[in-house]
Amino acid sequence: MTTESTHRQYAIEEYLVTSEPYYEPLNDEVALFEAAYAEKIPVLLKGPTGCGKTRFVEYMAYKLGRPVTVMRNSADGSKNGEESGMPLITVACHEDLTASDLVGRYLLEGDSTRWMDGPLTRAAKVGAICYLDEIVEARKDTTVLIHPLTDHRRLLPIEKLGQIVEARDGFILVISYNPGYQSALKDLKHSTRQRFMAIEFGYPPRELEAKIIAKEANISEAIGLELAKLGEKVRHLKEHGLAEGVSTRLLIYAGKLMHEGISPRRACQVAVTWALTDDADVQRSIEEVVSSIFE
Amino acid sequence: MSRQRKRIYSSYEKKLTPFSTSLVAEFRRAADEIGDLMSDDELRAWADQGLDLARQSWRSWEAAGEYYRVTPQVLPLLGSVGFQRWAKHGLDLAELSSALAASFFRASPVTLPAITPARIGDWVGLGRLLYKGTWRSASLAVQFFDGSPALFAKLSAEEARILVRFVDALCDRSYDLASHCLTIAAQALEPLEGDDRSAFLTFAESLASTGWADARSYLEKGPALLASIQAMQRGRFLNLARELARREGRQAFAFFAEASRALAQVDQESHGLLLSLAEELVERSPLAAMEFLKTAPMALERIPIETIAEWHAEGSALLDQSSDGGEAYFRMESSRGEDMLEALSSRVELSRISDILRMYSKALTGFEVAVHSSEALAEKGIGWVEGDAPSTEGSAIFLPPHVEEFQDKDQNFGVYKVYCTHQAGHLEFGTFEFEFERDGAIFPTERIKAEAERPPPEPAPPIDTDGHVDAPGEVTPPPGPLTDMERFFDIFADRKLASDLFAIVEDARIDVLISREYGGIRRQYGDRQSRELDRRPEASQLPVRQAFVENLVRASLGGRDRIVWPGQLMPVMIEAIGVLETLQQPQALVEDSAEATLRLYRLAEGIANVMPEMLEDWAEMSEGDLNVSPMSAESLGNDAQVDMPQGEPMPYESPQPVDFRGEFKPETVQMLMKLRQERDEKGQASPISPEQLKQMLEKSVEITIADMAQADLTQSSELFLTNLIKELNQKQDQRPGKEQPMPTEDGQPVTGMSTGDDEHELPVEPKYFFYDEWDFRAGDYRPRWCRIVESPVAEGQTSYYEQTLAKYSSLVAQTQRQFELLRPEMYRKTKRLLDGEDLDFDAVTEFAIERRARVTPNPKIYWRRNKIERDVSVAFLLDMSASTDEEIAKHERRYQKDDFDDDPRRYFSWWMARRAQELLTPPKRIIDVEKESIVLLITALEAIGDDYGIYGFSGYGRDNVEFYVVKDLDEALSDRVKKRIDKIAPVRSTRMGPAIRHATAKLEAHDSKVRILFLVSDGRPQDHGYGRDRTEKEYAIHDTHMALMEAKRKGMVPFCLTVDRYGHDYLKQMCQDIGYEVVPDIESLPSRITTLYRQLTT
Ligand SMILES: Nc1ncnc2c1ncn2[C@@H]1O[C@H](COP(=O)(O)OP(=O)(O)O)[C@@H](O)[C@H]1O
Ligand SMILES: [Mg+2]
């Protein structure tokens, strides 16, 4: 019995970034990443949540896959035949992520078992970009597993199979890390850290962020600017009632709500104020900033 | 005179002579006067009565003398029958005491007309009431009779009766007091009217039986206090007071005094209503009624009289449930009372919103800006004087303590917001970053040239310390300007004018930038501006130069259409508006404001400050006048040629201030900022030379010496300098950018004064936090009741720490090992999962079997290891009360004493042994064991890697709960921490509640899965005022329990450990279902505490 699935579904290695993601470079990160890729240096992306790290990786995947010509998808969204982009495998790390989750495991099939590669193994085999998002969230024993892949030989031992996979050309390991959580427990181990080059991401400057928000939320640059201003002001409250500043992502959400006709103050309330904190006083002060900026 | 009469006279004179010649004289004088009215028999009877009196006792002839003397006055008043009765009273009194009789007779002529003859008996009765047979009582009764003429002239018989009863009641306590009260009574009661007197006296009577010591104060001060109460309501008030005295006794007078003083503060019109409301309560609790009256003025400051009944109703309902609760409500010592008032009030208190505004300002500016009351700024004595104007001194924003302009709370908050935004604007848009030599963005720089062209200042003769002017010739060149702002103002001959102009343009610039950056606040801002415009003074009534400045203020408020100006001078005004509007562009910098000031000053200089009548054509400026072609920044403000009428110019006065812009002192702020910066760079605040300061004070128009102190310049500048240094030292820990203490939920940090008691260390400023306290009687919190004063423990030597480690080396090693074992990450294998790390062999086998058996197999065939991460933080809270100073030996002895009671020899030998031992080693105190336990704990905690904080607490009274930091939760173990342990020492009392709440707040701010609050104490909680009186223990236990429960509700694990053997008694009540342990053997504390901790966290 088969059911027609209504959602799109890809085998991991087939997930290609096929249309150019919108990415606004903040600095020279594009050039740095290209250089790292060429030299097979693993990359650590540092920065607070929602500041564009994932988007950047997607953008690089796309860019690296089409070094010479950029081909657009035809209007109906179907691929125009040619393979485009680089495969990108993203793993969101969490505290229960185990080695098997990354490398692979046996599955029971009928009366026998079948081995299934995990995302890391697949990435190594096909030569994809493997992006381990929020690496510090993962268990420390898991993190160690990636060490051999970052060596110059780029190997992935699979204990259970008694095999060693050599990463194919094109494979690159990218991890992200949010230094904002200043908890000793959530610090990246030095032995891990020292294997990556690091690109630091911050929130974009006001004008640029305004542009990003406007584009992503499909609103006017003027409103984008007001939202970016709000972002800037609210970020002043970091460590001062707020654990983290407001992310570009949340500002985009607020913009999108406005695009849908929600009043600006209300949109900011639900997408920014309430999303950020439960503390009544901090909420109130953010609300006052919102009402100072938006009518 | 008939012979018969003569004979009678001489026979009596003979009889009377032995007593006293003066008696004879009195007799003769009286007889002569009344002789014609009496028959011989009557005369004899009369004379005999006198003779009887005289014979009665040794000095009774005096009474007889009085009797004879007053007869001519009394007889006509009473007639002969009445006279007889009167005389009989006298005789009866004489039997008690002749002095009594004498005074009765003496007082009669004046007193009798005041009372009706029928009431003589009552009168005498009052005197007899006071007479108890002792000489003191006799003299009091005499005093009564002697004072009767005055008394009855003022009091009715009924009033006199109450007074005497009152005095009589006092006699039981003190005759002196009674006599004094009797003396002053008539005088004191004088101001009272009619019915009030008996009410007053009835209360006095109740007082006499309870608070008799206050009776005198009451009689002396009461009438004056009553006078401030609305005349019609005094009786009601006194009845309330009497009810209180009757039911509560004791402090009745204090309540009476406080309540009447309170009523004096409110409008007399409202007394009736307030008393009705109080009367509603008095049945249930006279105390609540009085508390209500006492609180009334404070409540009425915040809510209108129309709503007070609503506030009252809530408390009244509470009173039904619990009298303590209701009383606390009306005393304003309960959160309910405060909250209700807050809800009914439209007034906004700064203290309630300062946290929000602080974060708001921080968000806007990105700086650490504190928000305080303007009163605090004025108190600093560094130049600011207004206690209710918004302002900033560069590092904090100061706002009025409350705003109640509108009936609506939100609107009042809006006022605050505009105030705050404007001040934040100065910080955000760089007002105080003015640099003399930096170019603006709009106007070309002319400052430098203007400075060069300025006529050199006449060197002011230096003033020596005595204030004498030195001889000319020895002038020293004045020191250069301190700040760029000062240098800028130095350009101008009329500094006040320049300063006013700068304030206008700079405020205008800030307002423009704010409305551009903050679109949402534009409307509120505009409202403020138009309100300000509505209350500006009439420009055409001002001297002309002032009118010019006034018009600029209006224009800066968006009121171009409100400009009133003489037509013939119109070009200058147009030019000036041009300058202002050129400045009002988004790119304008503070330097542009300076340039605009320069140009406006030139224009203003050309306008003589003559009386407005000298010019005729005052008119509103028309739009046409203003629609001149836009002028370029280059040319503006340069042609100031005007034809001014000739006239005597008036002295220039500054314009009326604009409320929402507040006090603006850029020169002073720059100086403060410069000093702060120097201090931060050089590490100390050794600012300016006194000469520089004196010079600045002389020049500056921002600081008016006269406002600061009534002293000469030298003294004032010294005072100013002292204040300045104090201010700088105080801010030591608060430089911008440095982390401010985190605000906690209810503990709000407030800046305090520097302690500065240790010369060698930088004074560490204590941080203050406020916490509510639980009043179990009221069933409510007392809001912001306790003040925590947090400071680190002083530092001693690290050797203490090392020695303790050495002393306990084996225990240390053992503990370390135990704890290290806990350390490695632990995993728990979870089986039967749908998905996991690997297949579980048993489950797979089952799966296969079930499938073969055609049973639906259980698909949960995976297992996974889940890490159990240790994520623990703990705050140790150490009792540092004075009782920990107790030697352990004594402590033990306290419990053992009973055993020795029967056998003194046993006790003695035990004691001898103990003494011998004490000579060898100094006696160990409880605190010493606590300290050693801490050292051991530290090794354990370091081994396991938990986050931990170590705190001590003590203090005295609710205002001063000391909270000592040995090691803060996020502080790493360091030598400084070790040094602090050395200095842990017993201090004072034990107010546990607030200390627990503060430690809870610290833990709360610390992100951990498991958070433990570990309390180590040596006895029950107790402190001054921690309970109804000194002996009460309940209150403290309840508050502590509540504090522990709060911690538990917030997800902490509280645990109490005590070395008090009798701890079980109260710990059961204090902790209930919270864990606790009593460690009876104090010496085992170090090992026990670590064991307990281990058990608690695994
Ligand atoms: N430089 C950028 N260019 C384009 N979009 C961006 C940029 N930075 C952030 N964004 C937007 O912010 C959103 C969140 O970014 P994301 O990459 O998911 O953040 P992160 O991975 O750092 O948590 C993105 O979906 C995108 O819309
Ligand atoms: Mg992301």
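The exercises below work through a predicted model with chains A and B.

## Exercise 1. The fold of chain B

Task: State how many helices and strands chain B has, and what share of its residues is buried.

Solution:
1. Start with secondary structure. Chain B has 44 helices and 18 strands.
2. Turn to burial. Chain B has 1098 residues, and 54% of them count as buried.
3. Look at sequence separation. Take the contacts in chain B with a separation of 6 or more; residues 24 or more positions apart account for 72% of them.

## Exercise 2. The nonpolar cores

Task: Find which residues have the most contacts inside the largest nonpolar core.

Solution:
1. The largest nonpolar core comprises 139 residues.
2. Those with the most contacts inside it are B:L357, B:F488, B:F548, B:W565 and B:M573.
3. Next, the helix that gives the most. That is α24 (residues 495-517) of chain B, with 11 residues.
4. A second core is separate and has 125 residues, among them B:F144, B:A185, B:L201 and B:L319.
5. Now zoom in on B:W565. Beyond four places in sequence, its contacts include B:F548 and B:M573. B:V544, B:A547, B:I607 and B:W618 are also among them. So are the polar or charged partners B:N551 and B:D617.

## Exercise 3. Two buried residues

Task: Decide whether B:H312 is buried or exposed, and list what it touches.

Solution:
1. Locate the residue. B:H312 sits in helix α16 (residues 305-321) of chain B.
2. Check accessibility. The relative accessible area of B:H312 is 1%. The cut-off for buried is under 20%. B:H312 is therefore buried.
3. List the partners more than four places away in sequence. B:H312 touches B:L277, B:E280, B:L281, B:F292 and B:F330.

Task: Do the same for A:F201, then find how far its C-alpha atom is from that of A:C51.

Solution:
1. A:F201 is in the loop between β9 (197-200) and α8 (206-217) of chain A.
2. Its relative accessibility is 6%, so A:F201 counts as buried.
3. A:F201 and A:C51 are 150 residues apart along the chain, yet their C-alpha atoms are separated by 7.0 Å.
4. A:C51 is also one of the residues that A:F201 touches. Others include A:Y23, A:L26, A:P48, A:K53 and A:F56.

## Exercise 4. Salt bridges within a chain

Task: For three salt bridges, give the N to O distance and say which parts of the chain each pair links.

Solution:
1. Take A:D151 and A:R195. Their closest N and O atoms are 3.0 Å apart. A:D151 lies in the loop between α6 (147-150) and β6 (155-158), and A:R195 in the loop between α7 (190-193) and β9, so the pair ties together parts 44 residues apart in sequence. A:D151 is partly exposed at 32%, and A:R195 at 27%.
2. Take B:E279 and B:R236. Here the distance is 2.8 Å. B:E279 is in helix α14 (residues 271-282) and B:R236 in helix α12 (residues 234-248), so parts 43 residues apart are tied together. B:E279 is partly exposed at 30%, as is B:R236 at 25%.
3. Take B:E258 and B:K294. The distance is 3.2 Å. This pair links helix α13 (residues 252-265) with helix α15 (residues 286-302), 36 residues apart. B:E258 is partly exposed at 36%, and B:K294 at 23%.
4. Set these in context. The structure holds 92 salt bridges over all chains. Some join into a network, whose members include B:E301, B:R302, B:E338, B:R347 and B:K409.

## Exercise 5. The interface of chains A and B

Task: Describe the interface by residue number, buried area and polar links.

Solution:
1. Count residues. 37 residues of chain A are in contact with 42 residues of chain B.
2. Note the area. The two chains bury about 3,400 Å² between them, 48% of it on carbon and sulfur atoms.
3. Find the salt bridges. There are five across the interface. One candidate to inspect is A:K233 with B:E517, whose closest N and O atoms are 3.8 Å apart.
4. Add the polar contacts. The count is 19 residue pairs, both at pLDDT 80 or more.
5. Assign elements on the chain A side. Those giving two or more residues include α3 (99-103), β3 (104-109) and α9 (221-235). α12(A) gives the most, with nine residues.
6. Sort that side by class. It has nine nonpolar, 10 polar and 18 charged residues.

Conventions. Residues are numbered from 1 along each chain as its sequence is written. Chains are lettered from A and ligands numbered from 1 in the order in which they are written. This is a predicted model: local features need pLDDT of at least 70, side-chain atom pairs count only at pLDDT 80 or more; totals for chains, interfaces and linings use all residues. Side-chain values use heavy atoms; hydrogens and water are left out. Helices (H or I, at least four residues) and strands (E, at least two) are DSSP runs, numbered from the N terminus. Buried means under 20% relative accessible area, exposed over 50%, partly exposed in between (1.4 Å probe, protein chains only). Contact means heavy atoms within 4.5 Å. A nonpolar core is a set of buried Ala, Val, Leu, Ile, Met, Phe, Trp, Tyr and Cys residues joined through side-chain atoms within 4.5 Å. Buried area is the accessible area (1.4 Å probe) that two parts lose on being put together, summed over both. A salt bridge is a side-chain nitrogen of Lys or Arg within 4 Å of a carboxyl oxygen of Asp or Glu. A polar contact is a pair of N or O atoms within 3.5 Å; within protein, one must be able to donate a hydrogen and the other to accept it, and residues adjacent in sequence count only if both atoms are side-chain atoms.
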